Amino acid sequence: MPLLFILFLILLSSDMHAQKRAMEHSDFEHWNSIRSVKITNNGQWMAYHLKPLKGDQELHLKHTQKDKSGLYPRAEGPLFSYDGRCLAFRQVLSKDSVDVLRRKKVKTKDMPHDTLVIVDIKTLSTVRIEDLR
């Protein structure tokens, strides 16, 4: 009987060390949410935003069957072409850059403009059109 009691205490103490820690407020800063999911008409490619609680979102482009993918920071408004060969989106300034410019009281008309990015999905090469108005 004492041997059974000691074995029980050992198992109980090992189980207590294996517990996961509770989430803290700092963990929520690293929490991401998925937004703006888009899929090509043929279903071979998908694009979605991964948005953290703080900071800039990223656009993820993934092939649904092969191991091909692309990652584009600060992208907004992704659209696939009808034939699914191109992806277009706006690339905006980082939130930190915009905050710094606003603190310097830069007028809206003098702030840098967005960039139009067009991705050739077959090669994942990009064409950038700067100073989008």
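1. Residues 24 or more positions apart supply 31% of the chain's contacts with a separation of 6 or more. The model under review is a predicted one. Of the chain's 133 residues, 24% count as buried. The exposed surface of the chain comes to about 10,300 Å², with 58% of that area supplied by carbon and sulfur atoms.

2. On secondary structure, the chain holds 3 helices and 8 strands. Their order along the sequence is α-α-β-β-β-β-β-β-α-β-β.

3. Strand β2 deserves separate comment. Spanning residues 45–52, β2 is mostly covered, with 6 of its 8 residues buried. It is joined to β1 by 6 bridges, the two strands running antiparallel. Strand β2 also pairs with β3 (residues 58–63), again in the antiparallel sense and over 6 bridges.

4. Individual bridge partners can be located in both pairings. Ser-33 has Lys-51 of β2 as its bridge partner. In the pairing with β3, Trp-45 stands opposite His-63.

5. The turns on either side of β2 may be inspected next. Strands β1 and β2 form a hairpin with 5 residues between them, and Gly-43 in this turn has a positive phi of about 75°. The hairpin of β2 and β3 likewise has 5 residues between its strands; here Gly-55 takes a positive phi near 110°.

6. How many aromatic pairs does the ring criterion give? The count comes to 1 aromatic pair. The ring centres of Tyr-72 and Phe-89 are 5.3 Å apart and the planes stand at 50°, so this pair is classed as tilted. The two residues belong to distant parts of the chain, 17 residues apart: Tyr-72 lies in strand β4 (residues 69–73) and Phe-89 in strand β6 (residues 86–91).

7. Are the two partners of this pair, Tyr-72 and Phe-89, buried or exposed? Tyr-72 counts as buried because its relative accessibility is 11%, below the 20% cut-off. Phe-89 is buried as well, with a relative accessible area of 1%.

8. A nonpolar patch on the surface should also be noted. Met-23, Phe-28, Trp-31 and Leu-53 form this patch, and together they have about 450 Å² of accessible area. Within the patch, Trp-31 is placed in the loop between α2 (25–28) and β1 (32–39). Trp-31 counts as partly exposed, since its relative accessibility is 48% and that class covers values between 20% and 50%.

Conventions:
Residues are numbered from 1 along each chain as its sequence is written. This is a predicted model: local features need pLDDT of at least 70, side-chain atom pairs count only at pLDDT 80 or more; totals for chains, interfaces and linings use all residues. Side-chain values use heavy atoms; hydrogens and water are left out. Rings of Phe, Tyr and Trp (its six-membered ring) pair if their centres lie within 6.5 Å; planes under 30 degrees apart count as stacked, over 60 as edge-to-face and the rest as tilted. Helices (H or I, at least four residues) and strands (E, at least two) are DSSP runs, numbered from the N terminus. Buried means under 20% relative accessible area, exposed over 50%, partly exposed in between (1.4 Å probe, protein chains only). Patches are made of residues with over 30% relative accessible area and no salt bridge: like charges are joined within 9 Å, nonpolar side chains (Val, Leu, Ile, Met, Phe, Trp, Tyr) within 5 Å. Accessible areas come from the Shrake-Rupley method with a 1.4 Å probe; for residues, only the protein chains shown count as cover. A salt bridge is a side-chain nitrogen of Lys or Arg within 4 Å of a carboxyl oxygen of Asp or Glu. Contact means heavy atoms within 4.5 Å. Two strands pair if DSSP finds at least two bridges between them.
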